[in-house]
Amino acid sequence: MYGQEENMREMLIAEYQDDVARLLKYLPWLASKSAGQVSSMYTGDEENKVIPIPVFDSTLLAFIKEVEKTKFVDRNYPYVYSRNRIQSHEDEIRLLKNAKITDMKLFKGILSKYVLGGRTKAALWSEGVDAGIYVTALDCLNRLFFTNTSDGKQMVRY
């Protein structure tokens with residue numbers, strides 16, 4: 001049984017390692033932001049008022065596009081929410097912090113809700129920053145996939 005678990009772990013690391021590394025470059029930026037800092041509403045100038053349009057920080061948009069290029073996008077993310085009975089941000093964060101490397105469907109489901117859901121409800125992109133969902137997910141993925149060496153470098157955790 002132990003051999004099968006170890007084999008599964010190695011397969012997951014091989015499959016997701018590059019995607020995790022690509023997303024981790026955004027972790028310091030996301031950790032330093034809150035929702036008010038990553039979006040604003042454009043309403044036009046004083047003479048020409050328009051319907052308010054959300055305007056997002058370019059780094060947040062780059063992060064969203066990067067996530068969309070990874071294996072962390074799952075269009076069936078509502079299933080993860082119903083299966084795990086996720087009702088709030090606290091539930092999401094608790095589950096992410098307690099996740100194991102074999103719980104990749106959980107990471108995919110939660111990230112997909114904010115990334116894909118943001119296509120139709122743009123406020124979800126900044127909500128993911130404000131609630132700390134992106135930071136928690138990336139921090140947990142970093143902990144699961146990488147370990148820091150004594151000289152400060154990161155190594156893949158096997």
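Of the 158 residues in the protein chain you have open, 39% count as buried. Keep in mind that this is a predicted model. Ready? Let's walk through it.

**Stop 1: the whole chain**

Start with everything shown as a cartoon. You should find nine helices and four strands in the protein chain. Follow the sequence from the start and the pattern reads α-α-α-β-β-α-α-α-α-α-α-β-β. Now think about which parts touch which: among contacts between residues at least 6 apart in sequence, 66% join residues at least 24 apart.

**Stop 2: the hairpin**

Select residues 39-44, which make up strand β1, and residues 49-56, which make up strand β2. Which way do these two strands run? They are antiparallel, and five bridges join them. The hairpin gets from β1 to β2 through four residues.

Now pick out some partners across the gap. Click Tyr42, and you'll find Ile53 of β2 standing opposite. Next, click Met41, whose bridge partner in β2 is Pro54. While you have side chains on display, here is a handy rule: in a regular strand, the side chains alternate between the two faces of the sheet.

**Stop 3: Ser58, at helix α4**

Move on to Ser58, which is found in helix α4. Is Ser58 buried or exposed? Its relative accessible area is 56%, so Ser58 is exposed, the cut-off being over 50%. Select Val38 as well: this residue is 20 residues from Ser58 along the chain, and their C-alpha atoms are separated by 8.5 Å.

**Stop 4: the nonpolar core**

Time to go inside. Select Leu60, Phe63, Phe72, Phe107, Tyr134 and Phe145, the residues with the most contacts inside the largest nonpolar core, which has 43 residues. Several elements give two or more residues to this core, including α1 (2-24), α4 (58-68), α6 (89-97) and α9 (133-145). Which helix gives the largest share of this core? That's α9, with eight residues.

Zoom in on Phe107 and show what surrounds that side chain. Leaving out residues up to four places away in sequence, Phe107 touches Phe72, Leu96, Ala99, Lys100, Ala137, Cys140, Leu141 and Leu144.

**Stop 5: Glu92 in helix α6**

Now select Glu92, which lies in helix α6. Where would you place Glu92, buried or exposed? With 1% relative accessibility, Glu92 counts as buried, because the cut-off for that is under 20%. Show its contacts, skipping residues up to four places away in sequence, and you get Tyr81, Ile86, Ile110, Lys113, Tyr114 and Ile133.

**Stop 6: Thr136 in helix α9**

Jump to Thr136, found in helix α9. Thr136 is buried too, with a relative accessible area of 12%. Leaving aside neighbours within four places in sequence, Thr136 is in contact with Ile93, Leu96 and Lys97. Try a distance label here: Thr136 and Lys97 are 39 residues apart along the chain, yet their C-alpha atoms are separated by 7.3 Å.

**Stop 7: helix α8 and its two partners**

Select residues 123-130, which form helix α8, and add residues 104-117, which form helix α7. Their axes come within 7 Å and cross at roughly 140°. That makes α7 and α8 oblique to each other. To see where they meet, show Lys113, Tyr114, Val115 and Gly117 in α7 along with Leu124, Trp125, Glu127 and Gly128 in α8. By class, this contact has four nonpolar, two polar and two charged residues.

Now hide α7 and bring back α4. The axes of α4 and α8 come within 11 Å, crossing at roughly 100°. Those two helices are therefore roughly perpendicular to each other. Here Leu60, Leu61 and Ile64 in α4 meet Trp125, Ser126 and Val129 in α8. The classes in this contact are five nonpolar, one polar and no charged residues.

Which residues of α8 are buried? Colour Leu124, Trp125, Ser126, Gly128 and Val129 to see them.

**Last stop: Gly132**

Finish just after α8 by clicking Gly132, which takes a positive phi of about 80°.

How values were computed. Residues numbered from 1 in each chain as written. Predicted model: local features only at pLDDT ≥ 70, side-chain atom pairs only at ≥ 80, totals over all residues. Heavy atoms only, no water. Axes fitted to C-alpha atoms, helices over the stretch in contact; angles between N-to-C directions. Parallel < 35°, antiparallel > 145°, perpendicular 65-115°, else oblique. Contact = heavy atoms within 4.5 Å. Nonpolar A, V, L, I, M, F, W, Y, C, P; charged D, E, K, R; others polar. Core = buried A, V, L, I, M, F, W, Y, C linked by side-chain atoms within 4.5 Å. Buried < 20%, exposed > 50% of the residue type's maximum accessible area, 1.4 Å probe, protein only. Pairing = 2+ DSSP bridges.
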